[in-house]
Structures are given as C-alpha cells and as structure tokens.
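Biologist: Thanks for making time today. Could you walk me through this model, starting with its pockets and then its rings and cysteines?

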Amino acid sequence: MSEPATAPEFRPLGVDGVLIRFARVLSEDANQRMLAFRDLVTQADLPGVTVIASALTSLRVGFDPNLTDRAHITTALRALLDRPHGTDAMPRRLWRIPTAFGPDHAPQLEEAATLAGLTTTQAIAEIEAQTLHVLAIGFAPGQPFLGMLPEHWNLPRQAELTPHMPSGALVAAVRQLIIFCADAPTGWRHIGQTAFQVYRPDAADPFAFTAGDAVQFCAVSDTEFRHLKSGANPDGGATCTVLR
C-alpha cells in the first residue's frame with residue numbers, strides 16, 4: 001500500500017550534499033514525484049551544484065563547498081519545491097526488450113509464477129503486458145530496478161543465494177524486475193534472459209538506462225534468443241523510442 005504524500009524531508013549528506021527524501025516506503029507515486037523534482041533541479045542549473053543522483057524515493061544534490069554552502073543550496077531547493085510543477089515524470093524513452101522465457105533461460109520462472117498465484121503462461125503474459133519504469137540505477141553499474149509489478153508479484157527474496165546469475169538475466173523480487181549487468185550471485189529469482197547489455201564501459205554513455213525510462217519485455221523463442229545473443233549489438237534486439 002502506498003504512503004500518503006507528505007512534504008519531502010531535507011537532510012545533510014556528507015560535507016557536500018543534501019538528501020531530499022520523498023517517502024520512506026517505495027511507491028510509484030513517491031518515485032514519480034522524486035523524478036519530477038530531479039528534472040526540475042537539473043533544469044534550474046543551480047550555481048555550485050556538482051551532482052544530482054536519484055535513488056528509489058530520494059535525491060542527492062551534491063555541491064562544491066568552494067562555490068556555495070549547504071544553507072544556500074537547501075534554500076534554493078526548497079524554493080524549487082514550492083514552485084508549481086507537475087508530479088508525473090513522463091518517461092523520455094520507451095525500451096522494448098526481447099526476452100527468452102523458456103526453461104533453459106528462465107530456470108525459476110515456474111517457482112516465481114506459483115508464488116504469484118499464476119501459471120507460467122499467465123506470468124509471461126502479465127510481464128509482457130506491463131509497462132515498467134526504471135525506478136533507480138544501482139547496486140552494480142547501470143543495473144536498473146524496474147517496477148512496479150502488480151501486488152501479487154510481491155515475492156520475498158530467496159532464503160539462500162543463487163551463486164551464479166548470468167549477465168542479461170531478468171530476475172524478480174518484491175514487485176520489481178532487474179536486468180543483471182554482470183555475472184553475480186543473488187537472492188532474486190531468475191525468470192528470463194535478455195541479450196541486452198545495461199552497462200557498456202567503452203561507450204560515451206556507459207549506462208543504457210536512465211531513471212524514469214519506460215521498459216516493456218517481449219517474449220521470444222529460444223532459437224531467436226540465441227540468434228540475438230550471438231550478435232555484436234549490445235542492445236540485443238531491443239528498440240528505443242524517444243517519447244519527449
């Protein structure tokens with residue numbers, strides 16, 4: 001259940017940062033309000049600001065202490081917050097990502113579907129029907145937290161770690177999906193596989209996603225997935241539509 005909207009909290013963060021927290025419990029509303037404010041701060045181009053970094057429901061604004069101080073930055077941020085502005089952070093881009101859901105590429109899909117009260121076929125159809133949003137980037141370079149799935153997908157993490165999750169794996173827990181950026185252990189369930197590279201260290205912009213992007217998953221056969229995987233394109237067959 002979503003928290004009622006409350007005034008954001010302002011907190012110091014380190015010697016050169018201000019944290020603005022929009023909620024203590026994740027909800028789509030809190031995430032969208034935070035992203036809309038992030039865009040407002042970015043457009044304001046406040047003197048002395050060095051970094052604007054978003055998390056699930058909070059925003060860190062870093063500043064250069066040689067150019068400004070916390071009091072001035074906090075006053076400026078509060079003034080921006082009081083300025084009339086929209087709270088719906090419409091995505092700038094829509095990604096459509098081919099995903100294999102066959103047994104060889106989704107070893108825990110049946111388990112996850114059962115926990116969600118669905119058949120495997122229903123689970124795939126429901127995932128395909130969702131337009132998810134990149135709530136935040138984190139844990140590993142470029143790795144997106146995508147949400148929110150319907151409430152019956154509020155799956156607990158596993159009691160034990162899966163020792164190896166391959167790069168490009170689509171995993172599920174607590175109404176969210178993640179595409180793994182690299183081989184790693186995890187407590188989330190492996191429900192699909194993409195050929196999409198979320199982290200591209202040699203690119204001018206190494207992170208494929210930006211917080212606020214929209215994402216849809218499209219089921220493909222194992223044969224088609226192997227073809228996409230063998231290609232040199234880091235998008236792995238994905239398409240990106242610019243919305244604004």
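Biologist: By class, how many nonpolar, polar and charged residues does the lining of the second largest pocket have?

Modeller: Happy to help, and please keep in mind that this is a predicted model. The second largest pocket, with a volume of about 150 Å³, is lined by Arg-38, Ser-54, Ile-137, Asp-205, Phe-207, Phe-209, Thr-210 and Ala-211. Arg and Asp count as charged, and Ile, Phe and Ala as nonpolar. Sorted that way, the lining has four nonpolar, two polar and two charged residues.

Biologist: Moving on to aromatic pairs, how many does a search of the whole structure find?

Modeller: The search covers the whole structure, and the number of aromatic pairs it finds is six.

Biologist: Is the pair of Phe-22 and Phe-37 stacked, edge-to-face or tilted?

Modeller: Planes under 30 degrees apart would be stacked and those over 60 edge-to-face. For Phe-22 and Phe-37 the ring centres are 5.8 Å apart and the planes lie at 55°, so the pair is tilted.

Biologist: How many residues apart in sequence are the parts that this pair of Phe-22 and Phe-37 ties together?

Modeller: Both of these residues are buried. Phe-22 belongs to the loop between strand 2 (17-21) and helix 1 (28-44), while Phe-37 is in helix 1, so the separation in sequence is 15 residues.

Biologist: And how far apart in sequence are the parts tied together by Trp-95 and Phe-196?

Modeller: Trp-95 and Phe-196 make an edge-to-face pair, 5.2 Å centre to centre with 75° between the planes. Trp-95 sits in strand 5 (residues 93-100) and Phe-196 in the loop between strand 12 (189-193) and strand 13 (214-220), so the parts they link are separated in sequence by 101 residues.

Biologist: Which residue joins Trp-95 and Phe-196 in one aromatic cluster?

Modeller: Trp-95 and Phe-196 are both buried. Phe-196 also has Arg-200 over its face, at 5.0 Å from the ring centre. The residue that completes the cluster with Trp-95 and Phe-196 is Phe-209.

Biologist: Over the ring of which residue does the charged end of Arg-78 sit?

Modeller: The charged end of Arg-78 is 4.1 Å from the centre of that ring, which belongs to Phe-10.

Biologist: Last one: what does the count of disulfides come to?

Modeller: A disulfide needs two cysteine sulfur atoms within 2.5 Å. For buried Cys-181, the nearest cysteine sulfur is that of Cys-240, 19 Å away. Partly exposed Cys-240 has its closest cysteine sulfur in Cys-218 at 13 Å, too far for a bond. The count of disulfides comes to zero.

Key. Residues numbered from 1 in each chain as written. Predicted model: local features only at pLDDT ≥ 70, side-chain atom pairs only at ≥ 80, totals over all residues. Heavy atoms only, no water. Phe/Tyr/Trp six-rings, centres within 6.5 Å; stacked < 30°, edge-to-face > 60°. Helix = DSSP H or I, 4+ residues; strand = E, 2+ residues; numbered from the N terminus. Buried < 20%, exposed > 50% of the residue type's maximum accessible area, 1.4 Å probe, protein only. Lys NZ or Arg CZ within 6 Å of the ring centre and 35° of its normal. 1 Å grid on protein atoms, 1.4 Å probe; cavity = no way out; pocket = protein on both sides within 12 Å on 5 of 7 lines; lining within 4 Å. Points joined across faces, edges and corners; volume = space filled by probe spheres on them.
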